[in-house]
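Here is a friendly briefing to read alongside the coordinates. It goes through the strands, then the cysteines, then the aromatic rings.

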Amino acid sequence: MCSRYFLDADGNIIAYTFRVPANPNVRKRFNIAPTQEAPVIRLDREGRPEVALLRWGLVPFWAKDLKAGHRMINARCEGIEAKPAFREAMQARRCIVPASGFFEWKGVPGHKQPFAITLPDEPLFGLAGLWERWKRGEHDYVETFTIVTTDANEAVAPIHDRMPAIVPKAAVDAWLRGPADEACRLLKPFAGRMDLRAVRKAVNDPKVEGPECLEDAEPGWEEDRQRPLL
């Protein structure tokens, strides 16, 4: 599961990295949480890549209300092309979610330690995503997205059994435009180098979005992780 990630890049950096037009509304975010708006790269109606701000938590077009998105912040890659909530988006509405890293937690409830997970060779990379347009009123639409997950690789597995599917930059166009069956083959554990670093528990609060979320963990965090529940 991926329930938080961060983006240490503005619209110009995203435009340069992914070769897309810049969106001036994109800013650095150090603790992106579900239901918040975040940038994705998708194809516009003319098939041109664009950066759009969408709400995190996919709401299928047939859902009754926005609450459906709370359960769909992630989409498991296994059988994704056949799942009712994701199959149409997998066919025609794939996107890239720009990220500088993501967070995962390890430990027992009440004493879980957050870790920031990054790619040392790529300060900005793309997560596989899907997007949808949900009709709220006669002329009112909400656009939402989900992050596709796969099995964890060796680096992430000691913390969690799932991780976001990372799309290599050379395969971004294939993910956005290719046939669904070929796109599915890109959904696999990341094979490159990854860094995991314990960070401050400030990230536990979705209202905290500053760079303090990436500061080193508080002293004694390893001992705190070992404490039994009272």
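## Strands, cysteines and rings

β7 and strand β8 (residues 113-118) are joined by five bridges and run in the antiparallel sense. This is a predicted model, so please read everything below in that light. The two strands belong to an open sheet of five, ordered β2-β1-β7-β8-β13 and paired in the antiparallel sense.

**The sheet as a whole**

- The edge positions go to β2 (29-32) and β13 (195-198); each has a single partner strand, so one side of each has no neighbour in the sheet.
- From one strand to the next, the twist averages 25°.

**Around β7**

- On one side, β7 (residues 101-106) pairs with β1 (residues 5-7) in the antiparallel sense, over two bridges.
- In that pairing, F6 is found opposite G101 of β7.
- With β8, the facing residues include W105 of β7 and P114 of β8.
- The hairpin of β7 and β8 has six residues between the strands, and G107 there adopts a positive phi near 130°.
- How much of β7 is covered? Five of its six residues are buried, so the strand is mostly covered.

**Cysteines**

- How many disulfides does a search of the whole structure find? The count is zero.
- C77 takes part in no disulfide, and the cysteine sulfur nearest to its own, that of C184, is 8.2 Å away. A disulfide needs the two sulfur atoms within 2.5 Å, so this pair does not qualify.
- C77 is also buried, as its relative accessible area is 13% and the cut-off for buried is under 20%.
- C213 is likewise in no disulfide; its nearest cysteine sulfur belongs to C2, at 14 Å.
- The relative accessible area of C213 is 0%, so this residue counts as buried.

**Aromatic pairs**

- A pair of aromatic rings is described by two values, the distance of the centres and the angle of the planes.
- How many aromatic pairs does the structure hold? There are four, and two of them are described here.
- W56 and F145 make a stacked pair, with 6.1 Å from centre to centre and 10° between the planes. An angle under 30 degrees is what makes the pair count as stacked.
- This pair links distant parts of the chain: W56 lies in strand β4 (residues 49-56) and F145 in strand β10 (residues 140-151), 89 residues apart.
- Are these two rings' residues buried or exposed? W56 has a relative accessible area of 1%, so it is buried, and F145, at 0%, counts as buried too.
- The pair of F103 and W105 is tilted, at 6.5 Å centre to centre with 50° between the planes.
- F103 and W105 are both buried. W105 is the residue that stands opposite P114 in β8.
- Y5 joins W56 and F145 in one aromatic cluster.

**Charges over rings**

- Which residue lies over the face of Y16? It is R19, at 4.8 Å from the ring centre.
- R42 has its charged end over the ring of W131, 4.3 Å from the centre of that ring.

Key: Residues are numbered from 1 along each chain as its sequence is written. This is a predicted model: local features need pLDDT of at least 70, side-chain atom pairs count only at pLDDT 80 or more; totals for chains, interfaces and linings use all residues. Side-chain values use heavy atoms; hydrogens and water are left out. Two strands pair if DSSP finds at least two bridges between them. Helices (H or I, at least four residues) and strands (E, at least two) are DSSP runs, numbered from the N terminus. Axes are lines fitted to C-alpha atoms, for helices over the stretch in contact, and angles run from 0 to 180 degrees between N-to-C directions. Buried means under 20% relative accessible area, exposed over 50%, partly exposed in between (1.4 Å probe, protein chains only). Rings of Phe, Tyr and Trp (its six-membered ring) pair if their centres lie within 6.5 Å; planes under 30 degrees apart count as stacked, over 60 as edge-to-face and the rest as tilted. A charge sits over a ring if NZ of Lys or CZ of Arg is within 6 Å of the ring centre and within 35 degrees of the ring normal.
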